[in-house]
Amino acid sequence: MTKEQLQTAITEKLGDKMTLLDTGRHDLMYEVKRENLLEVCKTLKDDESLAFDYYLNSHGVDTKEKFEVVYNLASIIHKTRIDFKVILPYDSAEIESVQTIWPGANWFEREMWELYGINVLNHDNLTRFLLADDWDKGFPMRKDWDAPGFIRMPEL
Amino acid sequence: MGGLKTEEFIVNMGPQHPSTHGVCRLMLTMDGEIVKKIEPVIGYLHRALEKICENRTYAQCIPISDRFEYVTAMSCNQVFSMAAERLAGIEIPERAEYIRVIMLELNRIASHLIFYGVTAMDIGALTPFLYGLREREAIIDLFEMTCGQRLTYNYIRPGGVSKDLPKEFVPQCRSTIAMIKEKLNDYEGLLNENPIWLARTKGVGYLDPKLAIAYGVSGPVLRASGVDYDIRRDDPYSIYDRFDWKVCTRPNGDTYDRYLIRLDEIKQSIKIIEQALDGLPEGNIKAKVSPNFKPPAGENYARVENSRGELGTYMQSTGEKKPLRVKMRGGSFCQLQALPHFGTECFIADLVAIFASLDIILPEVDR
């Protein structure tokens, strides 16, 4: 399946819920509203013409104004790739877990919860993951967090 | 034995355990000798590589990517450079693409040779380890003569590669792969039909293809379960579409198949290298790229097939000389996540074999 065919299929099935962004440099990049997330994910996985059954990666991004949660998916049958993101405001950073659709999302969401402080709803195991068990120094991947004693490299 | 009281108990395997290939701790719930539940505990090697990358320019990130997955550091350099090149729209010279493919495949062979050695050693055969590392040494010599480094190369950079091949590289590379091709017969002779090896690996740790896909398992482990998926063919990058080679699969999904598929892949890599050496063109090895280049705002996820599965890098730029976000995705992360779902109901000694056959490397999991 080519990229154009995929784009047509997405417009047909999920045109009102997924907005194409022009920031993607290689694969298609969409934006999904938070309230539509689970519905979109179900269709992406179960619809035969899309069949995104292979969960590659997901992670948070802090842009200093808002959080983004990016999902990277692939389809093994159609050999296609797609990315989409959900934008979250700073003051209500929470998102539904997608682990009922792709079980592999479990650890990725756990990492996001720990490093960004994005609350993942309906996740079965939100416990300390990469950081020390007694960590209480905040969310290290946020842009306003610097390690204690960290000295920024001088600008070149 | 009616009056005998039994209870489940917990055993810690690791973090300092010779067969966990780094510092991974598996909390095992045991019923006698049988593993009932596995809970991986990770994070011992967390070095915040992604956070460090946010404070560096794109070119300065490349040495950091070496530390991400040091057994195949070339792939990390490649995926990192690919993500940056796509952001900035950099075209790579023809010769650099060929050199990259040669280096990536040599690195894959070196990594599979380590796999061959350490897996056999974990299961109790010492000789394969000596064989595997002896041949790997010849490949490492090739890297050392090209870029001066033996483990963390910093060789593939945005725009091309850092140094041209020395003139003795091509003949020495040809003789090295011819030697490895010959030695593969020894490898197969040592283990393929060895009764102890068969008893320890055949039918052990069956991984269902559906489960593998659901948990994002990739690379040789996925293909050993019969799923015909290889990024080099299915989402082609660099110049892999020019070569004649085939994707190897094995149908059974057990530890023995996961071992065999690595030997199959070494043969295919040799085929690719031979063709790349024949077609190696003259010319530039690096496009003109400013050291502090500023890609336009945008984002993308680049992926390559390395010896442990899918290696991905997501990169987001805001138009500055430093990336806004870098995320590294390693195959081991998903393999380890899937382990508790198929590695149970076996002896603890079998778990060592299963863990070894996944070829997990911990720096890639913890980052």
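Reader: Starting in chain B, what's the bridge partner of N306(B) in strand 7?
Author: That's G309(B), which sits in strand 7 of chain B. Bear in mind that this is a predicted model.

Reader: Sure. How many bridges do strand 6 and strand 7 of chain B share, and in which sense do they pair?
Author: They pair over 9 bridges in the antiparallel sense, with strand 7 covering residues 309-317.

Reader: Does anything pack there, I mean, which helix touches strand 6 and strand 7 of chain B?
Author: Helix 3 of chain B, residues 73-88, packs on the sheet and touches both strands. Its direction makes about 150 degrees with that of strand 6 of chain B.

Reader: And the sheet itself, what's the strand order?
Author: It's an open sheet of 3 strands in chain B, ordered 6-7-8, with antiparallel pairing. Strand 6 (298-306) and strand 8 (325-329) are the edge strands, each pairing on one side only. On average, neighbouring strands are turned by 10 degrees against each other, ignoring direction.

Reader: OK, switching to chain A. Is strand 3 mostly covered or uncovered?
Author: Mostly covered: strand 3 of chain A spans residues 54-62, and 9 of its 9 residues are buried.

Reader: What does strand 4 of chain A do with it?
Author: Strand 4 (residues 66-75) pairs with strand 3 of chain A in the antiparallel sense, over 8 bridges. One of the partnerships is V61(A) with E68(A), the latter in strand 4.

Reader: How many residues lie between those two strands, and what's the phi of K64(A) like?
Author: There are 3 residues between them, making a hairpin. K64(A) is in the turn and has a positive phi of about 75 degrees.

Conventions
Residues are numbered from 1 along each chain as its sequence is written. Chains are lettered from A and ligands numbered from 1 in the order in which they are written. This is a predicted model: local features need pLDDT of at least 70, side-chain atom pairs count only at pLDDT 80 or more; totals for chains, interfaces and linings use all residues. Two strands pair if DSSP finds at least two bridges between them. Helices (H or I, at least four residues) and strands (E, at least two) are DSSP runs, numbered from the N terminus. Axes are lines fitted to C-alpha atoms, for helices over the stretch in contact, and angles run from 0 to 180 degrees between N-to-C directions. Two residues are in contact if their C-beta atoms, placed from the backbone, lie within 7 Å. A residue is buried if 20 or more other C-beta atoms lie within 10 Å of its own, exposed if 12 or fewer, and partly exposed in between; C-beta atoms are placed from the backbone.
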